[in-house]
Amino acid sequence: MGGTQDEQFSTAGVTPERALELLWRQAPDFAFVLLDVSGYITGWRGAAEAMLGHAEDDVIGQSLDIIFAPEDLELGLAHMERAVALAMGHSEDDRWHLRKDGTRIWVAGSLVALYEGDRHVGYAKTMCDRTNLRAQMETTENRLDHAHDALRGRDVFFGRLTHEVRNALGPIRSVTDVLERRGLVTAELTMPLKVVKRQVAQMERMMEDLAEVARFGAGKLQLAKCDFDLGNELREIAAAVAPDAQAKLQALEVLTPPAPILLHADKARVHQIVFNLLHNALKYTPRGGRIWLHCTVEIDQAVIKVSDDGQGVPPELLPVIFELFTQENPHQSEGGFGVGLSLVKDLVDAHQGFVEVRSDGKGRGSEFTVRLPLCVSSAEGAPGP
């Protein structure tokens, strides 16, 4: 059977254009909203009315701000969403939105900037109600908290174990030193003594490594936390690495909300996290490439994203990219990831945050996302599940 795709659709009784129109009208789970260049609603399709409670005739000409929670509006996140879409082509956010009756729903949304040629003509936003999924996530998070407590107990045990083993190795090392100093080592005992000393030294190194792992796992990494505006810090960090970007003719763009994002964290460690991610992006983005550093707020978390259009991450490395010494090509100094990303994960974990990476594969760029808890005061009023 031949015929073009359009002809096949027509034979079935619907063209692609008509199918798209029907989708917008009938999609049971997805809301489609069209906006003009200023963010005012021009179309309200799909499940928009069922999801958010507003009829299309009631919202045409209104700002999309009507569905944003007050705390997000205060931070300027509605405008921020459009600014990111305009700069990068699209913006993705998961956040609480308001229905007409004032209830909150957890929405996964994607905003795309629309162009005719080089002229920006508006935006299209797709939304899906994920309130049930959010509840499941919080249940899972509670279970993970219990698992983390169990792991902390394990690390405390390993810390005590390494202490006891090192105490036991101390006398053995001391005896070998006494034997050598007093000349009591015969020719027959020279080789066995060297073996003992070598094995003791190796055991001590192993115990020190284990102690470091246990120390971090037991939460003994010292953090000097204070309150600060994350947006200001990100702009300072970007300014510091700007010369490196300029040297490679790379465009580094920083996007932060107009209102402060107050973070309670170790400022030096946060700088270290972002520096490592930016340097990683600079390293793996070719000359003339683009890098974006932006932040937003999702409930009680500050979200930092470092995106680029560089080399990307091979699929096989995604599951292990934050593990120590992970490299795409260990034999090339420019060939992969080493200690930097592992350190990022450790520091984020120390702040009880979360870090993840997304990439569509080699040559298609990457996006690293860091989530850190906000100050208690800035998170007040955040909705529950």
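K125 lies in strand β5, the run of residues 119-129, in what is a predicted model rather than an experimental one. Although lysine carries a charge by class, K125 has a relative accessibility of 2%, and because buried means under 20% relative accessible area, this residue counts as buried. What surrounds K125 once its neighbours within four places in sequence are left aside? The residues in contact with K125 are A31, F32 and V33, then L64 and E81, and further along the chain H97, G109, S110 and L111. One of these partners, E81, also has a side chain that is joined to the side chain of K125 by a polar contact of 2.7 Å. A further reference point for the reader is H90, which is 35 residues away from K125 along the chain, while the C-alpha atoms of the two are separated by 9.4 Å.

Turning from this residue to the whole chain, the protein contains 12 helices and 12 strands. Of its 385 residues, 38% count as buried, K125 being one of the residues in that class. When contacts are taken between residues at least 6 apart in sequence, 61% of them join residues that are at least 24 apart.

Among the helices, α9 (residues 230-247) and α10 (residues 267-284) can be followed as a pair, for their axes come within 10 Å and cross at roughly 40 degrees. An angle of that size lies outside the range under 35 degrees that counts as roughly parallel, and also outside the 65 to 115 that counts as roughly perpendicular, so α9 and α10 are oblique to each other. The crossing of these two helices is right-handed. On the α9 side, the residues that meet α10 are L230, E233, L234, E236, I237, A238, A240, V241, D244 and A245, and on the α10 side they are K267, V270, H271, V274, F275, L278, H279 and L282. Sorted by class, the contact of α9 with α10 is made up of 12 nonpolar, 2 polar and 4 charged residues.

The last stop is S366, which is found in strand β12, spanning residues 366-373. Is S366 buried or exposed? Its relative accessibility is 9%, and therefore S366 counts as buried. Apart from its neighbours within four places in sequence, S366 is in contact with V306, S307 and D308, with G312 and V313, and with R358 and S359.

Notes: Residues are numbered from 1 along each chain as its sequence is written. This is a predicted model: local features need pLDDT of at least 70, side-chain atom pairs count only at pLDDT 80 or more; totals for chains, interfaces and linings use all residues. Side-chain values use heavy atoms; hydrogens and water are left out. Axes are lines fitted to C-alpha atoms, for helices over the stretch in contact, and angles run from 0 to 180 degrees between N-to-C directions. Helices (H or I, at least four residues) and strands (E, at least two) are DSSP runs, numbered from the N terminus. Angles under 35 degrees count as roughly parallel, over 145 as roughly antiparallel, 65 to 115 as roughly perpendicular and the rest as oblique. A crossing is left-handed if the near helix is turned anticlockwise from the far one by less than a right angle, and right-handed if clockwise. Contact means heavy atoms within 4.5 Å. Buried means under 20% relative accessible area, exposed over 50%, partly exposed in between (1.4 Å probe, protein chains only). A polar contact is a pair of N or O atoms within 3.5 Å; within protein, one must be able to donate a hydrogen and the other to accept it, and residues adjacent in sequence count only if both atoms are side-chain atoms.
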